[in-house]
Amino acid sequence: MASEGKMTAPLLLAVGGAVLGSLQFGYNTGVINAPQRVIEEFYNQTWFNRYGTYITPGMRTTLWSLSVSIFSVGGMFGSFSVGLFVNRFGRRNSMLMSNALAFLSAILMGFSKMAGSFEMLILGRFIVGIYSGLTTGFVPMYVGEVSPTALRGALGTLHQLGVVVGILVAQIFGIDLIMGNETLWPLLLGFTFIPSLAQCILMPFAPESPRFLLINRNEENKAKSVLKKLRGTTDVSRDLQEMKEEGRQMLQEKKVTILELFRSPLYRQPLLIAVVLQLSQQLSGINAVFYYSTDIFERAGVQQPVYATIGAGVVNTAFTVVSLFVVERAGRRTLHLIGLMGMALCAVLMTIALALLVSRKHGSIRGPMAVNEEDPGVFTNHLICPILGTGPAALVLVVDGVILSCPPSDSALSRALMPLPLLPSQDLCGAYVFIIFTILLVLFFIFTYFKVPETRGRTFDEIASEFRQGGAAHGDKNPDEFHSLGADSQV
């Protein structure tokens with residue numbers, strides 16, 4: 001058909017405007033890293049102005065860890081609130097509305113120094129975390145629903161690319177000569193205002209999701225008109241038919257309680273796999289590196305830790321681009337296993353390098369850090385989404401009675417738990433802190449090798465059939481249950 005694989009101006013506008021939200025998520029993930037020392041000094045001076053004494057090292061570490069981790073806590077709340085918006089206001093309108101949170105957070109963080117309040121900075125980080133959690137649901141959903149089938153995979157990867165580019169931009173802007181200095185760091189944190197403003201300007205000209213218009217609003221004429229603009233053709237009958245069939249299947253789906261998801265042997269395995277895969281991404285150590293790389297590099301004796309962090313960001317972006325081209329050829333499971341083992345090896349090298357630095361007071365960890373960017377997170381969602389397509393594991397994101405078959409790219413709960421204890425653990429474990437990640441990575445590798453199926457070239461039904469065979473062994477004989485929990489299924 002003429003509509004298949006055709007990139008049109010309305011489609012480019014819609015996807016480009018939406019991915020600005022992904023850029024925001026990445027930017028706010030990496031922005032707090034580079035100016036760590038100047039922000040800690042702000043905490044110290046603010047504490048002195050209030051209480052007449054300087055802050056203790058322990059309290060400073062606690063406040064800094066809270067400033068970092070509160071972003072992920074907000075992300076957890078945001079991720080679990082996606083369904084409250086998308087099925088009521090639509091995908092595009094939800095993105096526009098969520099920008100109010102980005103504006104509010106930018107004001108709080110941008111004026112925190114002027115007001116002499118580190119509480120404003122922490123609150124701003126929490127609010128922008130909520131915004132980012134919402135974005136991780138809104139953007140992939142909207143992009144997938146406006147894209148033609150032939151381009152859906154390629155355009156869908158732009159969300160992850162936007163995230164890593166956002167991290168890299170934050171690292172570059174965080175250089176002392178740009179905005180990572182004592183004078184301009186509030187502007188660095190408040191810069192999140194600009195992409196949100198750009199999205200608010202662009203997205204009103206982008207169409208609403210045709211799937212939302214047809215299935216949720218039952219507005220077939222509007223959906224047809226939007227599809228014609230997006231596809232650049234008058235014949236959109238195939239797209240409409242596919243969405244109508246999806247809507248009919250949704251009406252026929254039975255309601256399943258959350259308790260049934262956990263109790264049924266048929267549901268338990270894919271649910272466990274989805275959760276462990278997300279944990280393997282978040283607890284691999286790479287996010288700890290991005291949150292605290294400046295501190296890690298500084299402790300390792302790197303003379304210019306900010307530039308080393310930028311180097312790590314460049315490598316991360318490069319490998320993300322490479323992964324987009326190799327994931328369909330090599331297979332998700334294979335690449336995920338390679339990433340887990342590579343990360344485990346790098347964690348060992350990090351430990352050796354740090355131990356040598358402690359004992360000999362020389363050396364560097366630039367090499368292991370660079371290799372460390374080849375993390376399994378790039379391939380996690382390529383595995384999880386097909387597995388979730390079988391139905392049961394869709395519980396990874398449950399919002400307002402709605403289960404999404406392909407959740408946001410990051411497990412909000414594991415992201416919330418990961419950053420907070422790293423610096424205290426580093427103080428406790430010293431040079432051997434990365435041994436913790438090594439043990440976890442080995443366990444994740446073993447689990448993936450024995451439990452996770454390859455999804456390359458396989459349909460949802462084929463994957464579901466494999467799980468049904470496993471479920472049958474436990475006495476569960478109902479194959480239709482695997483089709484009862486697709487996108488937007490009711491719990």
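**Figure 1. Salt bridge within helix α14 of the predicted model**. E242 is partly exposed, its relative accessible area being 39%. Its partner in a salt bridge is R238, and the closest N and O atoms of the two residues are 3.6 Å apart. R238 also counts as partly exposed, at 43% relative accessibility. Both residues belong to helix α14 (residues 237-252); because they are four residues apart there, about one helical turn separates them.

**Figure 2. The salt-bridge network of R91, E145 and R211**. Salt bridges with shared partners join these three residues into one network. Within the network, R91 pairs with E145, with 2.9 Å between the closest N and O atoms. R91 is located in helix α5 and E145 in helix α7, so this salt bridge ties together parts of the chain that are 54 residues apart in sequence. R91 and E145 are both buried. For the protein, the count of salt bridges comes to nine.

**Figure 3. R50 with its partners E119 and F118**. R50 and E119 form a salt bridge in which the closest N and O atoms are 2.7 Å apart. The bridge links distant parts of the chain, with R50 in helix α2 and E119 in helix α7, 69 residues apart. R50 counts as partly exposed at 35% relative accessibility, and E119 counts as partly exposed at 36%. R50 also lies over the face of F118, at 4.8 Å from the ring centre.

**Figure 4. Aromatic pairs and the cluster around W47 and F118**. The model holds 15 aromatic pairs. W47 and F118 form a stacked pair, at 6.4 Å centre to centre and with 15° between the planes. Their rings connect helix α2 (residues 36-51), which holds W47, to helix α7 (residues 118-146), which holds F118, across 71 residues. Both W47 and F118 are buried. The two residues are also members of one aromatic cluster, together with F42, Y43, Y51 and W185.

**Figure 5. The tilted pair of F103 and F193**. The ring centres of F103 and F193 are 4.7 Å apart and the planes stand at 50°, so the pair is classed as tilted. F103 lies in helix α5 (residues 91-110) and F193 in helix α11 (residues 193-202); the pair therefore ties together parts that are 90 residues apart in sequence. F193 counts as partly exposed, with 33% relative accessibility.

**Figure 6. The nonpolar surface patch containing Y432 and Y449**. Y432, I435, I439, V442, L443, I446, Y449 and F450 form a nonpolar patch on the surface, and their accessible area together is about 820 Å². Y432 is found in the loop between α23 (422-429) and α24 (434-451). At Y449, the charged end of R333 sits over the ring, 5.4 Å from its centre.

**Figure 7. The backbone at N218**. Most residues other than glycine have a negative phi. N218 is not a glycine, yet has a positive phi of about 60°. N218 is placed in the loop between α12 (210-216) and α13 (220-231). At 64% relative accessibility, N218 counts as exposed.

**Figure 8. Overall context for the close-up views.** The secondary structure comprises 25 helices and three strands. Of the 491 residues, 54% count as buried. Among contacts between residues at least 6 apart in sequence, 81% join residues at least 24 apart. The accessible surface of the protein comes to about 20300 Å², and 65% of this belongs to carbon and sulfur atoms.

Key
Residues are numbered from 1 along each chain as its sequence is written. This is a predicted model: local features need pLDDT of at least 70, side-chain atom pairs count only at pLDDT 80 or more; totals for chains, interfaces and linings use all residues. Side-chain values use heavy atoms; hydrogens and water are left out. Rings of Phe, Tyr and Trp (its six-membered ring) pair if their centres lie within 6.5 Å; planes under 30 degrees apart count as stacked, over 60 as edge-to-face and the rest as tilted. Helices (H or I, at least four residues) and strands (E, at least two) are DSSP runs, numbered from the N terminus. Buried means under 20% relative accessible area, exposed over 50%, partly exposed in between (1.4 Å probe, protein chains only). A charge sits over a ring if NZ of Lys or CZ of Arg is within 6 Å of the ring centre and within 35 degrees of the ring normal. Contact means heavy atoms within 4.5 Å. Accessible areas come from the Shrake-Rupley method with a 1.4 Å probe; for residues, only the protein chains shown count as cover. Patches are made of residues with over 30% relative accessible area and no salt bridge: like charges are joined within 9 Å, nonpolar side chains (Val, Leu, Ile, Met, Phe, Trp, Tyr) within 5 Å. A salt bridge is a side-chain nitrogen of Lys or Arg within 4 Å of a carboxyl oxygen of Asp or Glu.
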